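Below is a short report on sheets, cores and salt bridges. Start with the charged pairs, then move on to the strands.

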Amino acid sequence: MRSKLLASTLFLAALSPFTVAMAQTPDPAILTPERVFANPSLAGPVARGVSLSPDGELVAFLRSREDDVDVLDLWAAPTGEGEPFKLIDARALVPDAGELSEAEKARRERMRISQRGVVEYSWDEQGRYILAPLEGDIFLAEREGGAVRRLTETEADEIDAKVSPLGNFVSFVRDQDLVVLELAGGRETEVTTDGDGLITWATAEFIAQEEMDRDTGYWWSPDERRIALQRTDESAVDIIPRLDITGGGASVIEQRYPRAGRPNAVVELFVHDRESGRRTQVDLGQNRDIYLARVDWSVDGRTLYVQRQSRDQKTLDLLSVDPDTGASRVILTRTSEAWVPLNHDFRALDDGRFIWSSEETGWKHLYLYEGDGTLIRPITYGPWPVKSLNGVNQQTGEIFFTASFGYAERPEGVTGGHSACPLPGGQIAMCDVQGERPTIQRLWRASLNELRPAAAVTSDGGWWSASMNKTGTAFVGNYTDLATPPQSGLYRADGTFVRWIEENRLNENHPFFPFVSRRQTPEFGTLDSHGEMLVWQMTTPPGFDPSRQYPVVMQVYGGPSGGGVRRSWQPATSQLLTEAGYIVFRLDNRGEGDRSAAFKQALYLKMGQPEVEDQVLAAEYLRSLPYVDRDRIAAMGWSYGGFMTLHMLSEPAMGLTSAISGAPVTDWSLYDTHYTERFMSTPEANAEGYAASDVVDQLDQLTGRLLILHGMADDNVIFENTTRVIDALQSRSVPFQMMLYPGQRHGVRGNERQLQQWRTYLDFLDRTIGSRAPAARD
C-alpha cells in the first residue's frame with residue numbers, strides 16, 4: 001500500500017442542482033469537474049520522470065500529449081542551447097495500442113502507472129542510448145542523431161528492459177525468463193529457460209513491487225560480466241480467487257496473494273556469469289522466510305551487496321557477497337523494536353567505501369563506511385530526518401540530499417545557545433537548527449570528508465525534489481509552491497540556474513489561468529498530540545466571510561506515507577470542493593509523514609487508534625472555530641484513507657455527518673504480509689490489535705451517512721474488504737450508498753470515469769453537508 005491518496009467515486013442517483021448548473025451554464029471563472037477532467041491538463045506542461053544523461057548534457061522527460069492526457073511521449077532537451085524536442089512519439093510508433101498482458105497490467109498497477117504510451121525509460125551508463133518500453137515491445141533511441149529503432153516485435157510482453165552499463169546489451173524479461181540481446185548483431189540469448197507457471201526469473205515478486213519499492217529482479221555488474229538475478233517460487237503462496245468484473249462480463253483470477261501471517265513466495269538470488277554461462281547461488285542464510293530487500297554492486301564489480309530483511313522486519317542485514325562463489329557474510333545490521341524501514345540510500349563509492357542511512361539516533365541520517373562495514377563518520381546529524389540521498393560528487397567530496405528542516409536564525413552578534421545532537425555510539429555534536437519543517441523540502445549538501453553542518457542548495461518556502469547526474473555536478477530541480485505549478489529546471493550543483501526544462505509559467509496561456517482568481521491560498525498550523533507536532537492545512541471557499549458558518553470536508557490518508565500537508569501547488573480537485581462552498585482541511589496524524597522514528601512508530605501494533613485519535617483532535621479544533629458549522633463535517637479518503645474514514649465515521653467523538661470511503665482495508669488479516677506485519681505483526685501474535693482495527697465490529701456506532709466505493713478488479717485491496725462491510729450494514733438494516741467500478745483496480749483511471757467520480761462526490765456531499773443537507777436547510 002504505497003502512499004497514494006487516490007480519488008474515489010460514489011453512487012449518483014441524480015445530479016445535484018450545483019452540478020447541473022455548472023454543466024448547463026459554466027462560468028469561465030468557476031472551476032468545474034468537466035474542465036478538471038478534460039484535455040489539456042490543468043496542471044500545464046509538467047515534465048514527468050525527468051533525468052539527466054550521465055554526462056549531464058542532455059535531459060530526458062515524459063510529457064502528456066495535448067490531445068490525450070493519458071498518453072505519454074518521450075522528450076529530450078539539451079542542457080545548453082536548443083529547444084526541447086520529441087524523441088519518441090508513442091502514437092507514431094504504435095498507432096493502435098493493444099491489450100496488455102495480465103502480468104504487465106499487474107506490474108503497472110504495482111508501479112502506479114495509469115497512462116499508456118512511453119510510461120518509463122532508462123539511460124545506459126555511458127549516456128549513448130535511451131531505452132523505452134512501449135506497449136509491450138522495446139524501442140531504443142540513439143542520442144547521436146536521435147534515431148529510434150524497434151528491438152522487439154513479439155506477441156509476448158518484454159518487461160523491465162535495461163541497457164547494460166557499458167551499452168553493449170539490452171536485457172528484458174519475456175515469458176518469465178531473462179533474455180539478453182546484443183545491440184551490435186541483434187542476437188538474443190536466453191539466460192534462463194525454465195521460467196513457467198509458479199517459477200519466475202528476474203522479476204520482482206508481488207510483495208517487492210507493491211510494498212518494498214523494488215520494481216526489478218535483476219542487476220548488471222558494472223563491467224557487464226555478471227548479472228545478479230532472483231528466482232521466485234510462488235507455490236507456497238495461498239490462492240485467493242478474485243472476481244475480475246468488467247463491463248463485458250466477469251472472470252475468476254486465481255491470484256497468488258500472501259496475506260498477513262501466511263506464506264510468502266520463496267525468493268533466491270543467483271549470479272549469472274555471462275562469459276562462462278555458469279550460474280552461482282548466493283548464500284542468503286538458512287532461513288528461507290526472509291525478504292530480498294536491495295541488491296547493489298561495488299564499483300569494481302568484485303562485491304555484491306545484498307540487503308536481507310527478516311520476516312518480522314525488525315532486522316535488516318547488509319551482506320557482502322563474493323560473486324564467484326556466492327559466499328556471504330554480514331557486515332552491518334540494523335535492528336528495531338518496531339521495524340527497520342527500507343530505503344534507497346545505499347551508494348557504493350569508487351574507493352571501495354559506501355554510504356548508507358540509519359535511524360539509530362531516532363532520526364534518519366547518512367553515514368560513511370569502509371567497504372567492510374566499519375563506520376567512518378556520520379555525514380548528517382540533527383533533530384530532523386534525511387528524506388533521500390540524491391547524489392554524490394566524489395571529486396569534491398560533496399553529497400546531496402533532500403530534507404525538511406531549517407537552521408535557527410540568530411540576531412547579528414548573538415552567539416551560543418547551540419543544541420546537543422546525538423551521534424552513534426553515544427557521542428554528541430553541537431548543532432544550531434530549528435529541527436523539522438515538514439511542509440517544505442529543499443536540496444542540501446554535506447561533506448564526505450568532515451562532519452559539518454549541511455548547507456542549503458535550493459531556495460526556501462516550497463517543495464523541491466531533485467535528480468542528479470552520476471558525477472554530482474548538476475541536477476534537475478523540480479519545484480512547486482502555493483502559487484507556482486510544478487516546474488522543472490536544470491541547475492549546477494551549487495544551485496545556479498542553467499535553463500528551464502518545463503517552466504510551466506502561470507500566465508494567460510496556461511490552461512489554469514482562467515481559474516486563478518478564485519484559487520484560495522491554504523492556511524497552515526499545528527496541533528500537539530502526546531508531545532508530537534501535527535501539521536495541518538485549511539483552505540476556505542472563494543468570498544470567504546468569517547462571520548458565516550461553513551461545512552468542512554476533511555481529506556485524509558492517515559497511514560504511513562510521505563505526508564500530504566505541503567506548501568506546494570494544490571490539486572485542482574481541492575478547488576472543486578472550495579467552489580462548492582466547503583472548507584477543505586487536512587491533518588497529517590502520527591504515523592504519517594517522513595518524521596522521526598518515534599512519530600512514525602506511534603501506530604505500531606494498533607493501526608486505526610492513534611491516527612483516529614489525532615483526527616478527533618482536529619475535529620475538536622475545527623469546531624472551536626466560529627466560522628465552522630460543527631454539525632456539517634465530512635471526511636473523504638481512499639485506500640488507507642478509506643480505512644480511516646470508516647473508523648472516523650464510527651468514532652462518536654468525531655461526530656462526522658458523512659464520510660466517503662474508497663477501496664478501504666477493513667480487516668488487516670486480508671491484506672498482504674510485508675505491509676501489514678511491518679506495522680501490526682501477525683494476526684496470531686497481535687490478535688487484540690487486529691480485532692481493534694476491524695471496522696465491521698464498530699459499524700453500530702456510525703454517526704452519519706456513508707458512501708463506499710471500490711474497483712471491481714482490485715488486486716491490491718481485495719474487493720472482499722468492501723463486501724464484508726456491505727454485508728454487515730445490510731444485516732443491520734443500515735442505509736448507505738455504494739459505487740462500484742467494473743474493470744478498475746485500486747484506482748479509478750481515465751478522464752471519463754474520474755469525472756463521474758467527482759460528480760458523485762459533489763452530489764453526495766451536497767446532500768449530506770451542503771445546500772441540500774438538513775443542517776443547511778434549517
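## A buried acid and its partners

Asp763 is buried, with a relative accessible area of 0%. The model is predicted. Asp763 forms a salt bridge with Arg767, and the closest N and O atoms are 2.9 Å apart. Both residues sit in helix H13 (residues 751-768), 4 residues apart, so about one helical turn separates them. Arg767 counts as partly exposed, at 24% relative accessibility. The pair does not stand alone: salt bridges with shared partners join Asp763, Asp766, Arg767 and Arg772 into one network.

## Other salt bridges

The structure holds 43 salt bridges. Three of them are tabulated here.

| Pair | Closest N to O distance |
|---|---|
| Asp763 and Arg767 | 2.9 Å |
| Arg262 and Asp238 | 2.7 Å |
| Asp89 and Lys86 | 3.5 Å |

Which parts does the salt bridge of Arg262 and Asp238 tie together? Arg262 lies in the loop between strand S18 (249-256) and strand S19 (266-273). Asp238 lies in the loop between strand S16 (226-233) and strand S17 (239-246). The pair therefore ties together parts that are 24 residues apart in sequence. Arg262 is partly exposed, with a relative accessible area of 39%. Asp238 has 19% relative accessibility and counts as buried, because the cut-off for buried is under 20%.

In the pair of Asp89 and Lys86, Asp89 is partly exposed at 22% relative accessibility. Lys86 is also partly exposed, with a relative accessible area of 35%.

## Two open sheets

One open sheet has 4 strands in the order S6-S7-S8-S9, with antiparallel pairing. Its edge strands are S6 (122-123) and S9 (148-150), each pairing on one side only. S6 and strand S7 (residues 129-134) run antiparallel and are joined by 2 bridges. Trp123 has Ile130 in S7 as its bridge partner.

Another open sheet of 4 strands follows the order S10-S11-S12-S13, again with antiparallel pairing. Strand S10 (158-163) and strand S13 (188-190) each have a single partner strand, so one side of each lacks a neighbour in the sheet. Neighbouring strands of this sheet are turned by 25° against each other on average, direction ignored. Strand S12 (residues 177-182) pairs with S13 over 3 bridges, in the antiparallel sense. Val180 stands opposite Thr189 in S13.

## Nonpolar cores

In soluble globular proteins, nonpolar side chains tend to be buried together. Here the largest nonpolar core has 78 residues. Phe354, Met554, Phe585, Leu622, Tyr640, Leu656 and Trp668 touch the most other members. Helix H9 (residues 640-649) gives the most to this core, with 6 residues. A second, separate core of 30 residues includes Phe515, Leu707, Met739 and Leu765.

Methods. Residues numbered from 1 in each chain as written. Predicted model: local features only at pLDDT ≥ 70, side-chain atom pairs only at ≥ 80, totals over all residues. Heavy atoms only, no water. Pairing = 2+ DSSP bridges. Axes fitted to C-alpha atoms, helices over the stretch in contact; angles between N-to-C directions. Core = buried A, V, L, I, M, F, W, Y, C linked by side-chain atoms within 4.5 Å. Buried < 20%, exposed > 50% of the residue type's maximum accessible area, 1.4 Å probe, protein only. Salt bridge = Lys/Arg side-chain N within 4 Å of Asp/Glu carboxyl O.
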